[in-house]
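This report describes one protein model, beginning with a single side chain and moving on to the salt bridges and the overall fold. The structure is shown below.

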Amino acid sequence: AGNALGASSRAVNYYYDRASLTFNGNLTVDTPINGTYLSAQNTSAGGLKVTAGSDVVFARRIYNYTRMWVTVGAGGTATFKNGLVVGVNAMTGHLSLSGGGTVIVTNASATMGQKTMVNGSTLDLRVAGNKLSAGNTYWTELTNSRLVTRVANAFENGTMAYLDASSVFDMDGHNQLLNVLHGLAGSTVTSSRPATLTLLCSQNGNAQDNILGGENRANSAAFSGLVSVTKQGSFQ
């Protein structure tokens, strides 16, 4: 049930390795959730889980000090309405999304520490200013996944995006800015409505090439639909 964890004035706190919290059904959870870990550093045994086909709305802030695993089963959705904060310690914190379902960020932006890793799932951003990495050498990485932006400027400055050969970045008609895009051959950047992707080609103000393609850099991400690209700096 949506109120099974108690009132919104009370929080559920995690402090131990492999702690697991699973939600099943169509629910609105009105309780904040805090953690030192929602999973151990090197395992996905624990974490925040939404079962396949379930639709769970987290109405309060979800906060995790270091690393966090979120698993949403196929056909399921997890909607974070009041902020998703992972990895206050930028050197160790990261968010891992998996399970085949969809994670939606709306109303308040998400803030990640080191990196955001999406594996076989969809990340749907519906609010501006999400900080999906801490800049510098950190990044957002998609593996067989889909990233959708339903507002302009969905990323805070500093975001670097890596797309593997089976991943898609759908701009959905909204202009976006990235520091760096690394797109392997077979990946796609698309939009069904006009949208401009601006690539700054820099990390924290330092010049950085946009690498379009694999290690041999002979091939690149495909730009399809109504996407325009504006760049600063250089490409390799």
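Lys-131 has a relative accessibility of 29% and therefore counts as partly exposed, a class that lies between buried (under 20% relative accessible area) and exposed (over 50%), computed with a 1.4 Å probe on protein chains only. The model is a predicted one, in which local features need pLDDT of at least 70 and side-chain atom pairs count only at pLDDT 80 or more, whereas totals for chains, interfaces and linings use all residues. Residues are numbered from 1 along each chain as its sequence is written, and side-chain values use heavy atoms, with hydrogens and water left out.

**Salt bridges**

The side chain of Lys-131 meets that of Glu-156 in a salt bridge, with an N to O distance of 3.8 Å; the term denotes a side-chain nitrogen of Lys or Arg within 4 Å of a carboxyl oxygen of Asp or Glu. Lys-131 lies in the loop between strand S15 (122-125) and strand S16 (140-143), and Glu-156 in the loop between strand S17 (146-149) and strand S18 (160-163), so the pair ties together parts that are 25 residues apart in sequence. Strands are DSSP runs of E with at least two residues, helices are runs of H or I with at least four, and both are numbered from the N terminus. Glu-156 is partly exposed as well, at a relative accessible area of 35%.

By this rule the protein has seven salt bridges, including the three tabulated here.

| Salt bridge | N to O distance |
|---|---|
| Arg-126 and Asp-124 | 3.1 Å |
| Glu-156 and Lys-131 | 3.8 Å |
| Arg-193 and Asp-172 | 3.5 Å |

In the pair of Arg-126 and Asp-124, Arg-126 is partly exposed at 36%, while Asp-124 is buried at 3%. The side chains of Arg-193 and Asp-172 also meet in a salt bridge. Arg-193 lies in strand S22 (residues 188-199) and Asp-172 in the loop between strand S19 (168-170) and strand S20 (176-178), so this pair ties together parts that are 21 residues apart in sequence. Salt bridges with shared partners join Asp-124, Arg-126, Arg-150, Asp-172 and Arg-193 into one network. Within that network, Arg-193 is partly exposed at 40%, and Asp-172 is buried at 17%.

**Overall fold**

The protein has 25 strands and zero helices. Of its 236 residues, 51% count as buried. Among contacts (heavy atoms within 4.5 Å) with a separation of 6 or more, 51% are between residues 24 or more positions apart. The protein exposes about 9900 Å², of which carbon and sulfur atoms supply 46%; the areas come from the Shrake-Rupley method with a 1.4 Å probe.
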